[in-house]
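Q: Please take a close look at the nonpolar interior of this protein, and set that part against the sheets and the overall make-up of the chain.

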Amino acid sequence: TAGTYDGVLAGWDNIQRTPSQKQTSSDKEKGDEDLLQMLNSASPTDENAYLKMSFAMAVHDGSVRCLSIASNNNQQSSNVNQGAEIDHPVVPGTLLSGGYDEVLALFSLTKYKQSGELKTPSNLGTPTCSSFAPPQEVSPSHALVGLSTGKIIIYKRSDMSVQHILPGHDEKGVNCVAVHPSGKMALSGGRDGKICLWDLMRGRLAFVNKIKNPSKGRKATINHIVWSGDGQRYAYCTHEGNIQAREMETGQTLLDIDMHPGGRANQIAFIGGDDGIFLAAACNDGGLPVFAVGSVDEEDEEEGTRRAIMAIEPVEGVATAGDERFKCIQSIPGGSGFLVVTANSGGIISVVDLEGAAQMMLSDDNEDGDGSDDNDSKDSDDNSDSDDEEVAAEILESVRIGTGARITCISAWSYTEPLVETEGENIEEEIEEKIEANESNAEDEDEGETETLPFSKKRKTREDHAVQPGPEEIELDEE
């Protein structure tokens, strides 16, 4: 889904509903259908395209400032693909949007209908950012909304009643909020240069980190904050061009990059799985760099190691990137772990695979370690490289909102089948670990101690029998 400066919400899906299921009973719904047809005619797409525009609505009087999607259990079969029911147990359920008109609107993504709206409390300002909590659970219980006055409101999702108002930032406003995957805490950043850690279980401020601005007399502005999938790392980017990633438990700085002012990062996203071993940035100059997240100590780095690669080159030769500048980026869970959704100022939304950029950085590490190859092998490698050129970023799909629409925010949702854990899974790793432990402690163990290895689900312990000495002892040579 995407929001625009004109207050329009548009959504794309890889599952298309049949026209008979779309309900247009009211005048507003009929107007939404007309808007959808107008946008589709303005930017026609291939019938075989993976993503097709599924809805378009004029919602807010002013720009759309934030979007969030919550998952729901699939209790009905209204979503179909050419008449076939979807067997996914989880579907995108609720879309929350906040606008410059101080309105929070709720939509049902299963029925494609607005389910309600409410005004923010008086004198608390305009919604600027939002997130459901817990973000990765089905039917999250709460929603967090950051406001332009520096307050954060915690709503109860069932009736959208106000549970807490968190005052932590000054009147310059909250720019971003990110809820921890566990739903127990959240990070927020604002124009006051503060990153606040919130204890959502108690509804109170737990810690404040003030980010320094290179320019004296001014405060840094936090543009965006994200968590890694496992919640062990977080990263943020500033309006002044600084990008940092840190370990949650120890506070260790894993990445510290200063971009030039024209190429500052507007948003960032962890990629490479739940561990978040890479970080992608949507930059103001139209570039999309990918950084390796790790220790920044020089002693821990090998000479010649490449810690970053420009997956998409920035626009050169112009003062500003214009329509080519990246406004938003969001990682997509599942798949290869390197998929992101990007949106630029020209209204183009793309699904991009950044696995090639990560492979390039990893291959550089391997090549630096192998310096004794023969000339013949080098020639063969050169020939193979020329045949198969490496691509850092592969654009899998691109869609557009009409013509001339300027995107302000996006929110992407995806579903991945959970891995089924079996009793015999990862047995080989357990065996290797136990064998190494047994070999290292063999001399210290008593003769009567034995340990059963998990070779299979049904395993039997072997009974120990005393070894009877033979009638004659045979001496062996040292050889």
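A: In this predicted model, the protein exposes about 27300 Å², of which carbon and sulfur atoms supply 44%. Buried residues account for 45% of the 479 residues, and the secondary structure consists of 4 helices and 30 strands. Among contacts between residues at least 6 apart in sequence, 54% join residues at least 24 apart.

Turning to the interior, the largest nonpolar core has 22 residues, and those touching the most other members are I271, F278, A280, L288, V290, A311 and L354. At least two residues of this core come from each of the strands β22 (265–271), β23 (278–283), β24 (288–292), β25 (308–312) and β26 (326–331), and likewise from the helix α2 (355–369). It is α2 that gives the most to this core, with 4 residues. A311 offers a closer view of the surroundings: once its neighbours within four places in sequence are left aside, A311 is in contact with L288, P289, V290, L354, A357, A392 and A393. A second, separate core comprises 18 residues, including A2, A10, V399 and I401.

Among the sheets, one is an open sheet of 4 strands in the order β3-β2-β1-β30, paired in the antiparallel sense. Its edges are formed by β3 (52–58) and β30 (407–410), and because each has a single partner strand, one side of each is left without a neighbour in the sheet. From one strand to the next, the twist of this sheet averages 20°. Within the sheet, the antiparallel strands β1 (residues 2–4) and β2 (residues 8–13) are joined by 2 bridges, and G3 has L9 in β2 as its bridge partner.

Another open sheet of 4 strands follows the order β10-β11-β12-β13, again with antiparallel pairing. Here β10 (127–133) and β13 (161–167) stand at the edges, and since each has a single partner strand, one side of each lacks a neighbour in the sheet. Neighbouring strands of this sheet are turned against each other by 20° on average, direction ignored. Inside the sheet, β11 (residues 142–147) pairs with β12 (residues 151–156) in the antiparallel sense over 5 bridges, with H142 standing opposite K156 in β12.

To return to the part asked about, the largest nonpolar core draws at least two residues from each of five named strands, β22, β23, β24, β25 and β26, and from α2, while the 18-residue core that includes A2 and A10 is separate.

Key
Residues are numbered from 1 along each chain as its sequence is written. This is a predicted model: local features need pLDDT of at least 70, side-chain atom pairs count only at pLDDT 80 or more; totals for chains, interfaces and linings use all residues. Side-chain values use heavy atoms; hydrogens and water are left out. Two strands pair if DSSP finds at least two bridges between them. Axes are lines fitted to C-alpha atoms, for helices over the stretch in contact, and angles run from 0 to 180 degrees between N-to-C directions. Buried means under 20% relative accessible area, exposed over 50%, partly exposed in between (1.4 Å probe, protein chains only). Contact means heavy atoms within 4.5 Å. Accessible areas come from the Shrake-Rupley method with a 1.4 Å probe; for residues, only the protein chains shown count as cover. A nonpolar core is a set of buried Ala, Val, Leu, Ile, Met, Phe, Trp, Tyr and Cys residues joined through side-chain atoms within 4.5 Å.
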